[in-house]
Amino acid sequence: CCGSPFSLYAQNQEICDNAIDDDNDGLIDFQDDDCECEFIEIRSLIPNPSFEERSCCPDQHYRLDCADSWVQAYGMTPDYIHYCGWLGPEGMSVPVPFPDGDGIIGFVNGRVPDLLPIEYDWKEYAGACLLGTMEAGKTYRVEFSLGFSGPLRSPALDFSIYGTPDCENFPFGVNVVLPGCPTNFPNWVKLDSKEIDGGPLPTWVDDYFEFTPDMDINAIAIGGPCEPFDGTITNYYFMDNLIMEETYLFQY
């Protein structure tokens with residue numbers, strides 16, 4: 001709604017989506033009063049960002065395969081939760097309403113072993129091939145909603161996002177349970193992380209990552225941190241509404 005690809009050739013009018021000071025007034029894009037818009041919709045580089053597009057209804061846990069464009073990034077499978085079917089682990093307080101639409105993802109960050117100690121550091125990551133390349137040297141913002149069941153099952157989490165240049169790097173750590181983290185395997189880097197606390201009640205927290213990758217990134221994995229889990233109760237969280245683009249495209 002602001003500027004046009006042809007305005008530069010007209011009167012050096014500010015083009016509102018190119019990160020350049022076209023009219024030489026010291027202000028770029030939406031910082032410039034010439035770019036007053038009611039709303040510009042951002043097309044997320046992350047496909048199916050709210051997990052609404054699906055090929056089936058989840059009838060139990062593990063069914064991430066029902067959510068279009070999302071993959072099991074690791075040997076452990078996040079859960080697809082949707083109002084059309086399965087609504088989360090038994091006995092778990094799922095925070096409602098969902099931030100955007102009818103679908104969310106649930107994931108484990110550390111599982112207390114039932115029988116085998118090898119399950120102790122069980123971590124789950126959801127992965128996606130991006131709709132466009134995140135280019136090295138450019139700054140990107142990822143807005144998201146992180147869900148908490150409560151302090152017992154969902155204590156504060158160092159929520160993390162990882163990247164890789166090639167979608168062929170899914171899944172990482174095939175047939176490996178420990179250690180459960182993308183950066184413990186080749187061709188994966190940590191892009192950002194943020195410690196988030198959900199407080200005393202089931203809730204959703206809206207927050208964001210902001211980072212500048214050192215290499216081109218074409219796929220991401222999202223979940224918990226690399227630090228080994230040392231809790232006494234299996235930790236579980238939810239995610240929804242993942243919007244990613246270059247930082248300058250977001251209106252503040």
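**Two antiparallel sheets and a buried glutamate**

In this predicted model, five strands form an open sheet in the order 1-4-9-6-7, with antiparallel pairing, where strands (E, at least two residues) and helices (H or I, at least four residues) are DSSP runs numbered from the N terminus and two strands pair if DSSP finds at least two bridges between them. Strand 1 (70-72) and strand 7 (189-196) are the edge strands of this sheet, each pairing on one side only. Neighbouring strands of the sheet are turned by 30 degrees against each other on average, direction ignored; the axes behind this value are lines fitted to C-alpha atoms, and angles run from 0 to 180 degrees between N-to-C directions. Within the sheet, strand 4 (residues 126-134) runs antiparallel to strand 9 (residues 217-223) and is joined to it by five bridges, and Ala 126 stands opposite Ile 222 of strand 9.

Another open sheet of five strands, again with antiparallel pairing, has the order 2-3-10-5-8. Its edge strands, which pair on one side only, are strand 2 (79-82) and strand 8 (203-211), and the twist from one strand to the next averages 35 degrees. Strand 2 and strand 3 (residues 103-108) run antiparallel and are joined by four bridges, with Gly 103 in strand 3 as the bridge partner of His 82.

Strand 10 (residues 236-246) contains Glu 245. This residue is buried (under 20% relative accessible area with a 1.4 Å probe, protein chains only), yet Glu 245 has no salt bridge, a term that requires a side-chain nitrogen of Lys or Arg within 4 Å of a carboxyl oxygen of Asp or Glu. The nearest side chain of opposite charge is that of Arg 43, 6.3 Å away, where Lys and Arg count as positive, Asp and Glu as negative, and His and the chain ends are not counted. Apart from neighbours within four places in sequence, Glu 245 is in contact with Ile 42, Arg 43, Leu 45, Tyr 140, Arg 141 and Phe 250, contact meaning heavy atoms within 4.5 Å.

Over the whole chain, one helix and 10 strands are found, following the pattern α-β-β-β-β-β-β-β-β-β-β along the sequence. Of the 252 residues, 47% are buried, and 74% of the contacts with a separation of 6 or more are between residues 24 or more positions apart.

Residues are numbered from 1 along each chain as its sequence is written, and side-chain values use heavy atoms, with hydrogens and water left out. Local features need pLDDT of at least 70 and side-chain atom pairs count only at pLDDT 80 or more, whereas totals for chains, interfaces and linings use all residues.

Conventions. Buried < 20%, exposed > 50% of the residue type's maximum accessible area, 1.4 Å probe, protein only.
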